[in-house]
Amino acid sequence: MFKLERSGLSQKLTLMSVLSTGSALLLVFAVFAVTSVRSHREEAAQQLATLAAVTGASSQAARAYGNPAQARRMLAALALETDVLQAALYDSTGRLVARYVAPRLPAAPEAPDAPTAPDTLE
């Protein structure tokens, strides 16, 4: 076993250097990991918000004229996005026009008649 009181000054200094360097590296790694996770979350939220805006703008005519077939085709394009599990389009009165459910999602309950929070994204 290593006995600190019997070791020489050189060994004590080496041990202190190794411990302080190791602690600093561990701290830097932890900060980098937290920053990376936060950044990834923010990027994913921004990408989802952009996708929702593009889908909404692209389906504006289908929603305005109440064309559910065209609206379903618009939402079917979301199958390429693996992160999107469900999507729904509503007309200006809050009536459901079309709904998309990812094939990998188990049977889900029907979409509500009106969106619960239309301008929020979490």
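Is D91 buried or exposed? D91 is buried, its relative accessible area being 14%. The structure discussed here is a predicted model, with a mean pLDDT of 83 for the protein. Three helices and two strands make up the secondary structure, and their order along the sequence is α-α-α-β-β. The points below treat confidence, overall architecture, the strand pair, the nonpolar core, the salt bridge and selected residues.

**Confidence**

- Residues that reach a pLDDT of 70 or more account for 85% of the protein.
- Among the elements, helix α1 (residues 9-58) has the highest mean pLDDT, 93, while helix α2 (residues 60-64) has the lowest, 82.
- Over residues 118-122 the pLDDT falls below 50, and this stretch has three contacts in the model beyond near neighbours in sequence.
- Where pLDDT is low, predicted coordinates should not be read in detail.

**Overall architecture and surface**

- The protein has 122 residues, of which 16% count as buried.
- About 9,700 Å² of the protein is exposed, and carbon and sulfur atoms supply 61% of that area.
- Of the contacts between residues at least 6 apart in sequence, 29% join residues at least 24 apart.

**The strand pair**

- Strand β1 (residues 86-90) pairs with strand β2 (residues 96-101) in the antiparallel sense, over five bridges.
- The two strands form a hairpin, with five residues between them.
- Within the turn, G94 has a positive phi of about 95 degrees.
- Q86 is placed opposite V101 of β2, and Y90 is placed opposite L96 of β2.

**The nonpolar core**

- The largest nonpolar core consists of eleven residues: A62, A71, L75, L78, V84, A87, L89, V97, A98, Y100 and A102.
- Helix α3 (68-76), β1 and β2 are the elements that give two or more residues to this core.
- Strand β2 provides the largest share of the core, namely three residues.
- The core member L78 touches L51, T55, V84, A87 and Y100, when residues up to four places away in sequence are not counted.

**The salt bridge**

- The model contains one salt bridge by the rule applied.
- The partners are D91 and R95, whose closest N and O atoms are 3.3 Å apart.
- This separation meets the criterion for a salt bridge, because the rule asks for a side-chain nitrogen of Lys or Arg within 4 Å of a carboxyl oxygen of Asp or Glu.
- Side chains of opposite charge can pair when their charged atoms come close.
- The two partners differ in accessibility class: D91 is buried at 14% relative accessible area, whereas R95 is partly exposed at 47%.
- D91 counts as buried because its 14% is under the 20% limit.

**Selected residues around the core**

- A52 is located in helix α1 and has a relative accessibility of 51%.
- A52 therefore counts as exposed, since the class begins over 50%.
- The C-alpha atoms of A52 and L78 are separated by 9.9 Å, the two residues being 26 apart along the chain.
- P68 is located in helix α3 and counts as partly exposed, at 32% relative accessibility.
- P68 touches V97 and A98, residues up to four places away in sequence not being counted.
- Between the C-alpha atoms of P68 and L89 the separation is 9.2 Å, and these residues lie 21 apart along the chain.
- A88 belongs to strand β1 and is partly exposed, with a relative accessible area of 30%.
- Apart from neighbours within four places in sequence, A88 is in contact with L75, L96, A98 and R99.
- The C-alpha atoms of A88 and V101 are 8.7 Å from each other, with 13 residues of separation along the chain.

Terms used:
Residues numbered from 1 in each chain as written. Predicted model: local features only at pLDDT ≥ 70, side-chain atom pairs only at ≥ 80, totals over all residues. Heavy atoms only, no water. Buried < 20%, exposed > 50% of the residue type's maximum accessible area, 1.4 Å probe, protein only. pLDDT = per-residue confidence, 0-100. Helix = DSSP H or I, 4+ residues; strand = E, 2+ residues; numbered from the N terminus. Contact = heavy atoms within 4.5 Å. Areas by Shrake-Rupley, 256 points an atom, 1.4 Å probe, with all protein chains shown as cover. Pairing = 2+ DSSP bridges. Core = buried A, V, L, I, M, F, W, Y, C linked by side-chain atoms within 4.5 Å.
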